[in-house]
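Thanks, everyone. I will go through one structure today, from a single residue outwards, and then come back to the chain as a whole. Please have a look at it first.

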Amino acid sequence: MGLSICEDIWDEGFIDLQKENNLDLLINLSASPFTTSKKEERGNIFAKISEKLNIPFSLLHKELRKKSIKVNNKKKLGSYRVKHDDIVDVFKEFKLIHKNKPSIKIPNILKRKIKSSVVFQSDDFIIINKWAGIPCQRGSKINLSIDDLLQFFNTKDSHPKLVHRLDKDTTGLLIIAKNSNSARYFHKILSNHKIKKTYYAIVEKKPKNREGILNDMLPKNKKNVSAETKYQIIKKLPGEYFLLKLNPQSGRKHQIRQHCFMNGFPILGDKKYYIERNQIKFSNLFLHAGALEFIDMNNKKVKIETELPNHFRKYL
């Protein structure tokens, strides 16, 4: 189980602060030991060190492998549960510095669009309603992303960061942290599956039951991993189409899309998992992240919902 926490974080669409936010790491040799208290007993070593020293999970995993972090002078796996009076030694000092991205010209229409996409905002985070056709981050063939547009939310004291992702063609709610403390908080509750996510999809063909759980194993790194998605039929649509509500209980890559496809009711417009029939062409993916529910940093319940996008309405 040693690496399960890091794997879950990545599957959730969790953003690796070390790599994805264009940060370089300056590492200086030092020793920063701390002793765990009775209250902290049995916590995961990743969570405890991250909480104490504000170090990203991804970097902790790397340093544990390199033996830069030891417990009671011994190497431990990431799954190790700390005990009362354990001595944790961190033989590195970590500093984060910003690394400039290659500059790109952003059209004014996109500046206006990202600002108008905000559906909720607090002192610590923003939630936007992402539109179709724009990825969350740049890639080898992608020059413009949501991540690039976040600069228009910058203030003197705030440089917003993505904390999870949606696929390029998936629409819906996306959380953006305004500060490092907020980013760490969302990383934690995402990795512990403490955010309830509700998606809506239009699928071809009716599921066997009106509601149920899809728990097919999904491929990952040449092995199969567990995954679970709850579903419910909301409405029968014209033809053989159905509107579904889906709640992923785990966060595997393309989990909802794969589960629907594997169970015989693929999502319309899915270019990877859906085979178009009767020469009907769909220009949009009919998958929408429609609701988020969680407890925020101030222990307040947050529930945000958004309407289905226009390309759904044609079939409703």
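I start with Q255, which counts as buried because its relative accessibility is 4%. Buried here means under 20% relative accessible area, exposed means over 50%, and partly exposed is in between, with a 1.4 Å probe and protein chains only. Before going further, the ground rules: this is a predicted model, where local features need pLDDT of at least 70, side-chain atom pairs count only at pLDDT 80 or more, and totals for chains, interfaces and linings use all residues. Residues are numbered from 1 along each chain as its sequence is written, and side-chain values use heavy atoms, with hydrogens and water left out.

Back to Q255. It lies in helix 8, residues 255–262. Helices (H or I, at least four residues) and strands (E, at least two) are DSSP runs, numbered from the N terminus. The side chain of Q255 makes a polar contact of 3.0 Å with the side chain of S250. A polar contact is a pair of N or O atoms within 3.5 Å; within protein, one must be able to donate a hydrogen and the other to accept it, and residues adjacent in sequence count only if both atoms are side-chain atoms. Setting aside residues up to four places away in sequence, Q255 touches L218, A227, E228, T229, P248, Q249 and S250, where contact means heavy atoms within 4.5 Å.

Two of those partners, E228 and T229, also appear among the contacts of N247, along with K196, K197, T198 and K230, again leaving aside neighbours within four places in sequence. N247 sits in strand 15, residues 241–248, and is buried at a relative accessible area of 12%.

Next, the nonpolar interior. A nonpolar core is a set of buried Ala, Val, Leu, Ile, Met, Phe, Trp, Tyr and Cys residues joined through side-chain atoms within 4.5 Å. The largest such core has 44 residues, and those with the most contacts inside it are I146, I202, V203, L246, I267 and F286. Separate from that one is a second core of 15 residues, including F125, V163, L292 and V302.

How buried is I146? Its relative accessible area is 0%. I146 belongs to helix 6, residues 146–149. Beyond its neighbours within four places in sequence, it is in contact with I114, I128, K130, W131, I134, P135, C136, L162 and L174. For K130, 16 residues away along the chain, the C-alpha separation from I146 is 8.4 Å.

Now helix 7. Its twelve residues, 180–191, should span 16 Å at 1.5 Å a residue, and the end C-alpha atoms are 16 Å apart, which agrees. The expected span is 1.5 Å times one less than the number of residues. At the start of helix 7, a side-chain oxygen of N179 comes to within 3.3 Å of the backbone nitrogen of N181. The buried residues of the helix are S182, A183, F186, H187, I189, L190 and S191.

Just after helix 7 comes H193, with a positive phi of about 55°. H193 is in the loop between helix 7 and strand 10, and is partly exposed at 37% relative accessibility. K222 also has a positive phi, near 65°, and is not a glycine. K222 is in the loop between strand 12 and strand 13, and counts as exposed at 91% relative accessibility.

Which strands pair with strand 16? Strand 9 does so in the parallel sense over two bridges, strand 10 in the antiparallel sense over six, and strand 17 antiparallel over five. Two strands pair if DSSP finds at least two bridges between them. As for register, T171 stands opposite H288, A201 opposite L287, and A291 opposite E305. Strands 16 and 17 form a hairpin with five residues between them, and N299 in the turn has a positive phi of about 65°. Seven of the nine residues of strand 16 are buried, so the strand is largely enclosed by the rest of the structure.

Finally, the whole chain. It has nine helices and 17 strands, and 48% of its 316 residues count as buried. Of the contacts between residues at least 6 apart in sequence, 64% join residues at least 24 apart.

That is all I have; comments are welcome.
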